[in-house]
Amino acid sequence: MPQLGLLPKRAWAALFSQLLRPPPSACTQAVRGHSQGTRDFSPQQMVVREKILDVVVSCFKRHGAQGLDTPAFELKEMLTENYGENSGLIYDLKDQGGELLSLRYDLTVPFARYLAMNKLKKMKRYHVGKVWRRESPAIVQGRYREFCQCDFDIAGQFDPMIPDAECLKIICEILSGLQLGNFLIKVNDRRIIDGVFAVCGVPESKFRVICSSIDKLDKMPWTDVRHEMVTKKGLAPEVADRIGDYVQCHGGVSLVEQLFQDPRLSQNKQALEGLRDLKLLFEYLTLFGITDKISFDLSLARGLDYYTGVIYEAVLLQTPAQAEEEPLNVGSVAAGGRYDELVAMFDPKGHKVPCVGLSIGVERIFYIVEQRMKALGEKIRATETQVFVATPQKNFLQERLKLIAELWDAGIKAEMPYKNNPKLLSQLHYCENTGIPLVVIIGEQELKEGVVKIRSVASRGEVAVKREDLVTEIQKRLSES
């Protein structure tokens, strides 16, 4: 920037005329909105979100997870190597202080970095935090550039498929607890996918890019996916057709048994390892009583590069909308899988820590719950206030302050008007509009008799209690409601 003394006279004149120009009037000034693909949450929306998060986090804690948080940004080089074709969606930050940084794309890679950095070989953790993706937002489907993820992961060397089965059980518990309607968890294994590619004749160098095409089968018909693989990714048509014979299959443990007998796939070591693990997984899922929610689906590929074994994705079969209404299309509401080699990428000595985890799609779930509440016309209380301290007369601010302090000190959620002389009617209207159940009223008569009145907002009935018994009486009423 030029020094002040070096500006030419003409530039100074232009600068001062701009500074002295009156600001635009309020009517011509446009209020600037937030960035596309982000959103504000109203107090009512925050109530709904917190209830959803409470169900999710309570389940994670029930399964023994510890909380963890990591920075919103990481070193760019640590992120770009792990997301394959999705690396272009990472938000890069301008170089500040000599480090190239990027906003985190998910919570999995930062977790792997944390394990390696702290030399941890075992951990069961949950993490709730925001992530950022530079994609075209589809807001109607609950899809944003900035959104919240809820992750649960089990890191450590354990006997096969026990942690994986628990992750699937957790998804079932959360989706059932949120009462979102019927759902299905699709399960597959990266080793089976790679085995299919190998026996069908896909060059190993194309495994990951073909995998990302297969992953679109939930959104595109097979003909479109085949077209993409052949014309855009250079796969031979006959190879694509052989892949099509496999990826359009889905079923239960019987499909696993069927693939063991497949003349081509049974010759592939990787595929056999994946099939053996899936057979064991189905045994554990049977013991957990959730096999009716699970489908072995060979079209499931999960586009991220770091998955190494079992992968899964939960989709809603029917939303809580009425049967005659158009179902809401929101895609998957939970997903995850096994990633046994990711931690080693951050460890200088390349030590492996096997990991498996899941992520709950909070934004999509919130969208569904919000639409359902709108359809049912449900009213939401934005505050949890239990008692409102009111007065019908002037100059009672000091008495109200003493009263409300007692309520707060007793752990009771209470409010009062920030006016010295409020009108009683407006105070009672406020309580009715915001859903506050009880009003404590103090005035000249009450002060003289050493009592306070407790008013039920719903019934409008009032009862006088001794001043010293107020907290006990309020606690009794709240416990009964």
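In what order do the 5 strands of the open sheet run? Some notes on that and a few other spots, bearing in mind that this is a predicted model.

1. The order is 13-12-14-15-16, and the pairing in this open sheet is mixed. Strand 13 (414-415) and strand 16 (462-466) sit at the edges; each has a single partner strand, so one side of each has no neighbour in the sheet.

2. Look next at strand 14 (residues 438-441) and strand 15 (residues 451-456): they pair in the antiparallel sense, over 4 bridges. If you want a spot to zoom in on, V439 is opposite R455 in strand 15.

3. Helix 15 (residues 424-434) lies across strands 12, 13, 14 and 15. Relative to strand 12 (387-390), helix 15 runs at about 175°.

4. Now over to C150, which belongs to strand 5 (residues 146-155). Is C150 buried or exposed? Its relative accessibility is 0%, and buried means under 20%, so C150 counts as buried. Leaving aside residues up to four places away in sequence, C150 touches L53, V56, F60, H127, V128, L358, S359, I360 and V362. V362 is 212 residues from C150 along the chain, yet their C-alpha atoms are 7.0 Å apart.

5. There's some empty space inside too: 4 cavities of 30 Å³ or more turn up. The largest has a volume of about 60 Å³. Strand 5 comes back here, giving the most to the lining of that cavity with 3 residues. The lining has 3 nonpolar, 1 polar and 5 charged residues; among them are R39, R49, K130 and E363.

How values were computed. Residues are numbered from 1 along each chain as its sequence is written. This is a predicted model: local features need pLDDT of at least 70, side-chain atom pairs count only at pLDDT 80 or more; totals for chains, interfaces and linings use all residues. Side-chain values use heavy atoms; hydrogens and water are left out. Two strands pair if DSSP finds at least two bridges between them. Helices (H or I, at least four residues) and strands (E, at least two) are DSSP runs, numbered from the N terminus. Contact means heavy atoms within 4.5 Å. Axes are lines fitted to C-alpha atoms, for helices over the stretch in contact, and angles run from 0 to 180 degrees between N-to-C directions. Buried means under 20% relative accessible area, exposed over 50%, partly exposed in between (1.4 Å probe, protein chains only). On a 1 Å grid over the protein atoms alone, a cavity is a set of points where a 1.4 Å probe fits but cannot get out, and a pocket is an open set with protein on both sides within 12 Å along at least five of seven lines; lining residues have an atom within 4 Å of a point. Grid points are joined across faces, edges and corners, and a volume is the space filled by probe spheres set on the points. Ala, Val, Leu, Ile, Met, Phe, Trp, Tyr, Cys and Pro count as nonpolar, Asp, Glu, Lys and Arg as charged, and the others, Gly among them, as polar.
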